[in-house]
Amino acid sequence: MSATHLTRGSAGYRRATLALFCAGFATFAMLYCVQPLLPLLAAHFRVSAASSSLALSLTTLSLALSLLVSGALAESWGRKPVMAAALGLAALLGIACALVEEWGTLLMLRALLGLALSGLPALAMAYVGEEFDPEALPAAMGLYIGGTALGGLLGRLLAGLLSDIGGWPWALGGIAGLGLLALGLFLWLLPPSRHFTAQPLSLRGLLGNFVLHLSNPRLRLLFTLAFLLMGGFVALFNYVGFRLAGAPFNLSATVIGLLFTVYLLGIFSAGWAGRLVPRFGARQVLHGGIALMLLGVALCAAPWLSAAVVGLALFTLGFFAAHAVASGQVGTHAQGAKAQASALYLCAYYLGSSLVGYVGGYVWEHAGWLALLGVLASLFVVAMLLVRKI
């Protein structure tokens with residue numbers, strides 16, 4: 001391995017991991033800040049629970065589809081410039097979202113925000129795969145995923161607090177401001193790519209890379225796993241707010257937002273899972289993460305707030321552990337064109353968020369909370385079976 005690769009303990013390693021932590025933080029904060037606001041958006045714009053979830057589902061859908069293009073273009077355009085441009089544009093669109101009053105306009109801006117953010121996640125994963133020493137890669141990926149967990153936490157938590165102070169526009173505008181701050185830190189800290197080799201911009205070559213990755217059976221399993229796990233994760237957190245805002249809990253937006261502090265556990269479990277892979281193997285760590293998710297779903301079925309909090313905590317621990325390991329395995333099994341491999345993984349990941357997250361609203365509205373939990377548990381059992389083949 002070249003001495004120019006980033007190794008644990010070096011100054012470059014610390015700067016790169018902190019920069020990627022900031023990027024992951026900003027991406028997920030802007031992406032998911034609407035989640036605790038869904039009951040408020042439903043009331044303000046007079047739409048149903050399932051329709052209100054479009055504020056998130058359309059964003060993740062546009063992100064998923066755009067990843068296929070941005071991941072391909074990044075093989076020719078580079079890593080850091082595209083990631084910085086994506087983060088800056090997303091922050092500006094986030095500010096615009098806070099200034100509108102039409103439901104259709106808000107949905108359009110949120111879809112454009114997903115388009116902008118597509119230039120970041122796959123490239124961040126590809127950067128880790130190219131620039132870090134293989135022994136440092138699982139821990140580095142875990143730190144990046146930890147940043148996404150913190151972004152998911154603070155995006156939801158601050159959105160709940162700000163909405164109680166000044167309404168949902170303050171919430172969306174405040175989170176976008178944090179995105180601009182993260183952009184400044186990212187530009188300052190991230191070392192330039194040293195191991196990126198630009199490919200000629202060729203449609204035939206780009207399509208060939210997609211075929212290469214989709215013909216890899218282990219990558220196909222990882223893509224399916226991403227769809228199932230992320231879809232179930234987002235569906236649970238989309239509608240737990242409606243569950244807890246109603247009887248018998250009757251919680252406020254601020255208190256519901258505080259429940260997202262369980263994301264702190266995701267920061268821990270993402271890095272912890274990455275360090276366990278060399279010792280136990282990716283398959284065993286994935287099994288353990290999914291088992292925790294199933295246990296969390298079971299506890300969320302209980303009619304007590306304490307059980308729901310513990311269930312959400314275990315669910316979050318398991319999800320981020322499984323996601324950190326699965327995303328790291330994409331870089332391990334991809335044969336070149338790692339940004340496109342990461343893009344396919346994240347495309348499946350966000351398609352799961354969009355489709356399962358939206359469909360979960362119909363299950364919630366027409367069959368209730370327990371039926372929704374049963375559907376999610378079924379998805380995770382399927383995921384458990386898939387892991388055996390990886």
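Here is a short tour of the two domains and the interface where they meet.

Before you click, note that this is a predicted model, where local features need pLDDT of at least 70, side-chain atom pairs count only at pLDDT 80 or more, and totals for chains, interfaces and linings use all residues. Residues are numbered from 1 along each chain as its sequence is written, and side-chain values use heavy atoms, with hydrogens and water left out.

**Stop 1: the two halves.** Select 9–192 for domain 1 and 202–389 for domain 2; these bounds come from an automatic or database domain assignment. Their C-alpha centres sit 17 Å apart.

**Stop 2: the interface.** Now pick out residues in contact (heavy atoms within 4.5 Å): you get 48 from domain 1 and 48 from domain 2. Together the domains bury about 4000 Å², with 74% of that on carbon and sulfur atoms. Buried area here is the accessible area (1.4 Å probe) that two parts lose on being put together, summed over both. Show M125, I145 and L153 as sticks: in domain 1 they lose the most area to domain 2, together 13% of what that side buries.

**Stop 3: salt bridges.** How many salt bridges cross between domain 1 and domain 2? The rule (a side-chain nitrogen of Lys or Arg within 4 Å of a carboxyl oxygen of Asp or Glu) finds zero.

**Stop 4: helices on the domain 1 side.** Colour the helices (DSSP runs of H or I, at least four residues, numbered from the N terminus). Those that each supply at least two residues to the side touching domain 2 include α1 (11–32), α4 (54–77) and α8 (137–166). The largest share, 16 residues, comes from α8.
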